[in-house]
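Please walk me through this structure, starting with the chain as a whole and moving on to single residues. I have not seen it before.

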Amino acid sequence: MKARLAFALGAATAALSVCPDAFASGFNTARFGTEWGHPTTDNPTAIYYNPAAVTQAEGFHLYVDGIFAYRRFEYTRDEDPNDRFDTEAANAGCPGCNAGTARANNWLAAPMLGMTWKVADWLSLMGGLYVPFGGAASMGKRQDLSQDIRSRFPGAKDGASRWHNIEGGLSFIHWGGGPAFKFGPVSLAVTAAFIQAETETTRARTSTGVPSVPNEGRSFFDVQGKTFNIGAGVMVEVLPEQLWLGMSYQSQPGLGEFKMDGKSENNFQGRVERTQVNFIQELPDVIRFGGKFKLGKKWEFRLFGDFVRWSVFKDQCLATKRRALT
């Protein structure tokens with residue numbers, strides 16, 4: 001068998017949003033393989049992009065990919081004199097505590113490790129670790145508050161974004177594999193992946209759930225879960241050694257609604273409440289399609305795209321056995 005070790009460096013953008021309504025698509029990090037990760041690739045990233053494409057590879061291949069990125073973004077909220085929330089803060093002696101610009105400066109990283117092995121002309125095997133969904137965000141502290149404001153309203157230092165997010169992260173680590181079969185110019189494949197998921201976040205909150213600067217506290221939750229997904233792919237060699245077309249499907253984690261279990265800790269004016277919770281959400285499935293055309297030995301043209309069904313990601317629900325925490 002021939003062995004090949006490949007390294008790739010890319011970039012990804014991810015964000016965590018925890019709120020009653022969920023707006024996508026901030027944390028899709030399936031960027032491993034950079035320009036070599038596509039539905040007709042012949043390297044081990046095909047395990048996610050199109051598992052049928054691994055039949056192009058000869059021998060044994062090991063692939064290690066590191067996705068690294070430095071991300072900087074801003075969240076700005078203007079004070080509104082007609083907003084009860086802002087009026088309450090001003091009357092309490094903390095004008096502007098809910099307004100201003102919050103900034104995040106974060107390093108992000110995600111691994112991808114894969115292997116393929118062509119056992120016979122008609123059979124290839126694949127396996128790997130990859131993180132198609134994940135990310136983290138940590139907002140910077142506010143520096144423009146007076147010492148008096150800081151002492152009377154210590155929560156204000158976390159900035160205007162604190163009711164949405166102070167810091168948090170999530171990861172969906174896939175351990176997957178499967179076979180690919182080649183029947184003349186047509187290749188077919190199926191995969192299955194075990195998924196380890198974790199989500200945690202800290203944000204400002206009150207005991208009533210209604211934002212209030214004089215009464216604000218902190219809410220933290222950390223949940224984990226295990227589930228699975230399945231994948232399938234097809235690739236056709238339309239013109240021998242020249243033109244390939246491919247399509248693949250990756251199912252939703254858990255094949256639909258996915259529940260994680262963990263703990264929630266609320267601190268309201270020094271009173272700490274700890275609760276066992278469930279975190280429920282529904283992540284999208286993905287359809288990918290593409291083609292590649294080889295023009296001689298040095299040139300290769302590719303065209304590909306994907307359809308990510310973010311319409312199913314409508315909300316995220318954090319709930320106890322007795323009541324929902326919104």
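The paragraphs below go from the overall chain to its strands, its charged pairs and its surface.

The model is predicted. Its chain folds into three helices and 14 strands. Of the 326 residues, 49% are buried. Among contacts with a separation of 6 or more, 71% are between residues 24 or more positions apart. The accessible surface comes to about 16,200 Å², and carbon and sulfur atoms account for 58% of that area.

One part of the strand arrangement can be followed in detail. Strand S9 (residues 258–268) and strand S10 (residues 271–281) run antiparallel and are joined by eleven bridges. The two strands form a hairpin with two residues between them. In the turn, Gln269 has a positive phi of about 50°. Phe268 has Arg271 in S10 as its bridge partner. S10 is also joined to strand S13 (residues 317–319), by three bridges, and this pair is antiparallel too. Here Asn278 is matched with Ala319 in S13.

Charged side chains also meet along this stretch. Glu265 and Arg274 form a salt bridge, with N to O at 3.1 Å. Arg274 counts as exposed because its relative accessible area is 64%, and exposed means over 50%. Glu265, at 33% relative accessibility, is partly exposed. A second salt bridge is made by the side chains of Glu273 and Arg271, at 2.4 Å from N to O. Both of these residues are partly exposed: Glu273 has a relative accessibility of 26%, and Arg271 has 44%.

These pairs belong to a wider set, since side chains of opposite charge can pair when their charged atoms come close. In the whole structure there are twelve salt bridges. Which residues are linked in a network of salt bridges? The members are Lys141, Asp158, Arg162, Glu216 and Arg218. Within this network, Glu216 and Arg218 have their closest N and O atoms 2.8 Å apart. Glu216 and Arg218 are both buried.

Two acidic residues elsewhere make polar contacts. Asp65 lies in strand S2 (residues 60–77). Is Asp65 buried or exposed? Asp65 counts as buried because its relative accessibility is 3%, and the limit for buried is under 20%. The side chain of Asp65 makes a polar contact of 3.1 Å with the side chain of Tyr63. Glu58 sits in the loop between helix H1 (46–49) and S2. With 49% relative accessibility, Glu58 is partly exposed. The side chain of Glu58 has a polar contact of 3.2 Å with the side chain of Lys118. Glu58 and Trp117 are 59 residues apart along the chain, yet 7.5 Å separates their C-alpha atoms.

The last stop is on the surface. Met247, Tyr249, Ile287, Phe289 and Phe307 form a nonpolar patch there, and together they have about 460 Å² of accessible area. Strand S8 (243–250) and strand S11 (286–295) are the elements that give two or more residues to the patch. Tyr249 is found in S8. At 33% relative accessibility, Tyr249 is partly exposed. Tyr249 can therefore count towards the patch, as its value meets the requirement of over 30% relative accessible area.

Key:
Residues numbered from 1 in each chain as written. Predicted model: local features only at pLDDT ≥ 70, side-chain atom pairs only at ≥ 80, totals over all residues. Heavy atoms only, no water. Helix = DSSP H or I, 4+ residues; strand = E, 2+ residues; numbered from the N terminus. Buried < 20%, exposed > 50% of the residue type's maximum accessible area, 1.4 Å probe, protein only. Contact = heavy atoms within 4.5 Å. Areas by Shrake-Rupley, 256 points an atom, 1.4 Å probe, with all protein chains shown as cover. Patch = residues over 30% accessible without salt bridge, like charges linked within 9 Å, V, L, I, M, F, W, Y side chains within 5 Å. Salt bridge = Lys/Arg side-chain N within 4 Å of Asp/Glu carboxyl O. Polar contact = N/O pair within 3.5 Å; in protein donor to acceptor, adjacent residues only side chain to side chain. Pairing = 2+ DSSP bridges.
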